[in-house]
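Trainee: I'd like to go through this structure and ask why each label is used. Could you set every value beside its cut-off?

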Amino acid sequence: MESLISFHDADIIAGGNVVIHSLNMDIAKGDLVYITGKVGSGKTTIIRTITAENPIGSGSGNVCGFELKGIRRRDIPRLRRKLGVVFQDFKLLMDRSVWKNLEFVLKSTGWKDRREIDARIDEVLEAVDMTTKAHKMPHQLSGGEQQRIAIARALLNKPEIILADEPTGNLDEDTAEDILRLLNKLNSETGTTIVMVTHDKGIVEHYPGRHFVCKDESCYEQ
């Protein structure tokens with residue numbers, strides 16, 4: 001199956017230094033992939049490389065048909081529309097409602113038709129079981145509810161890949177379990193590829209998927 005993410009002997013760079021040498025990683029449509037490792041081992045740097053925020057050194061990297069080495073600045077927004085990113089700290093806009101948060105993303109990425117915007121917001125809110133919270137401000141939501149909205153935001157442009165960077169890091173155990181069930185449901189029912197960075201190896205054991213470990217300036221599949 002054709003890879004959506006492919007790194008071949010790629011040096012992963014952060015701050016001008018190589019943090020992972022010779023990464024080899026091929027991720028196909030429908031894969032559920034975990035990247036684990038200690039703080040500072042390069043996990044999040046891989047995510048930033050996939051989104052073309054960080055450059056790669058030697059070797060090659062391709063994401064959704066875009067060659068990362070030498071990618072043109074104008075192509076980066078086109079690449080990122082194929083990706084949905086979920087952060088540990090939610091990154092919602094606190095000065096506007098849930099609905100307005102989602103509307104802002106769609107308008108920023110070129111959606112113009114009012115009916116299509118409304119319909120898409122309804123769809124993603126239903127997907128994360130948050131249809132009754134559209135009018136709420138982010139501060140009126142629990143941490144788990146905010147993360148559900150962050151996942152809804154990541155789904156807006158029907159991404160080929162969801163990148164989840166420690167999505168349960170700021171949540172209590174029960175709430176984290178709800179978010180993990182939601183992400184796994186999206187993976188199993190819609191075939192959305194999910195790449196999740198986590199320090200919690202218990203997640204990998206409970207929700208089996210492919211598992212890459214970052215250690216000693218390398219990252220390999222177990």
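Mentor: Happily, and let's begin with how elements are named: helices (H or I, at least four residues) and strands (E, at least two) are DSSP runs, numbered from the N terminus. Just after one such helix, α3, G110 takes a positive phi of about 100°. This is a predicted model, where local features need pLDDT of at least 70 and side-chain atom pairs count only at pLDDT 80 or more, while totals for chains, interfaces and linings use all residues. Residues are numbered from 1 along each chain as its sequence is written, and side-chain values use heavy atoms, with hydrogens and water left out.

Trainee: Thanks! Helix α5 covers residues 143–155 and helix α6 covers residues 173–190. Why are α5 and α6 called roughly parallel?

Mentor: The two helices pack at an angle of about 20°, with their axes 9 Å apart. The axes are lines fitted to C-alpha atoms, for helices over the stretch in contact, and angles run from 0 to 180 degrees between N-to-C directions. Angles under 35 degrees count as roughly parallel, over 145 as roughly antiparallel, 65 to 115 as roughly perpendicular and the rest as oblique. About 20° is under 35 degrees, so α5 and α6 are roughly parallel to each other.

Trainee: What makes the way α5 passes α6 right-handed or left-handed?

Mentor: A crossing is left-handed if the near helix is turned anticlockwise from the far one by less than a right angle, and right-handed if clockwise. α5 passes α6 in a right-handed crossing. From α5, G144, Q147, R148, I151 and L155 take part in the contact, and from α6, T175, D178, I179, L182, L183 and L186. Contact means heavy atoms within 4.5 Å.

Trainee: How do the residues of that contact divide by class?

Mentor: Into six nonpolar, three polar and two charged. Ala, Val, Leu, Ile, Met, Phe, Trp, Tyr, Cys and Pro count as nonpolar, Asp, Glu, Lys and Arg as charged, and the others, Gly among them, as polar.

Trainee: α4 and α5 pack at an angle of about 135°, with their axes 9 Å apart. What makes α4 oblique to α5?

Mentor: That angle falls among "the rest" in the scheme we just used, so α4 counts as oblique to α5. The crossing of α4 and α5 is right-handed. Here R120, V124, L125 and A127 in α4 meet I149, A152 and L155 in α5. By class, this contact has six nonpolar, no polar and one charged residues.

Trainee: And α3 packs with α5 at an angle of about 25°, the axes being 10 Å apart. Why is α3 called roughly parallel to α5?

Mentor: The cut-off for roughly parallel is under 35 degrees, and about 25° meets it, so the label fits α3 and α5. α3 passes α5 in a right-handed crossing, with V98, L102 and V105 of α3 and I149, A152 and R153 of α5 making the contact. This contact has five nonpolar, no polar and one charged residues.

Trainee: How do you know whether α5 is largely enclosed or not?

Mentor: Buried means under 20% relative accessible area, exposed over 50%, partly exposed in between (1.4 Å probe, protein chains only). Eleven of the 13 residues of α5 are buried, so α5 is largely enclosed by the rest of the structure. Among them are Q146, A150 and A154. The cover includes β6, α3, α4, β7 and α6.

Trainee: What makes G144 in α5 count as buried?

Mentor: Its relative accessible area is 9%, under the 20% limit, so G144 is buried. Leaving out residues up to four places away in sequence, G144 touches L171, T175 and I179.

Trainee: How do you know that the span of α5 agrees with its number of residues?

Mentor: The expected span of a helix is 1.5 Å times one less than its number of residues. For the 13 residues of α5 that should be 18 Å, and the end C-alpha atoms are 19 Å apart, which agrees.

Trainee: Two loop residues to finish. K91 lies between β6 and α3, and E166 lies between β7 and α6. Why is K91 called partly exposed, and why is E166 called buried?

Mentor: K91 has a relative accessible area of 45%, between the 20% and 50% limits, so partly exposed is the word. E166 has 11%, under 20%, so E166 is buried. Each has a positive phi without being a glycine: near 55° for K91 and about 50° for E166.
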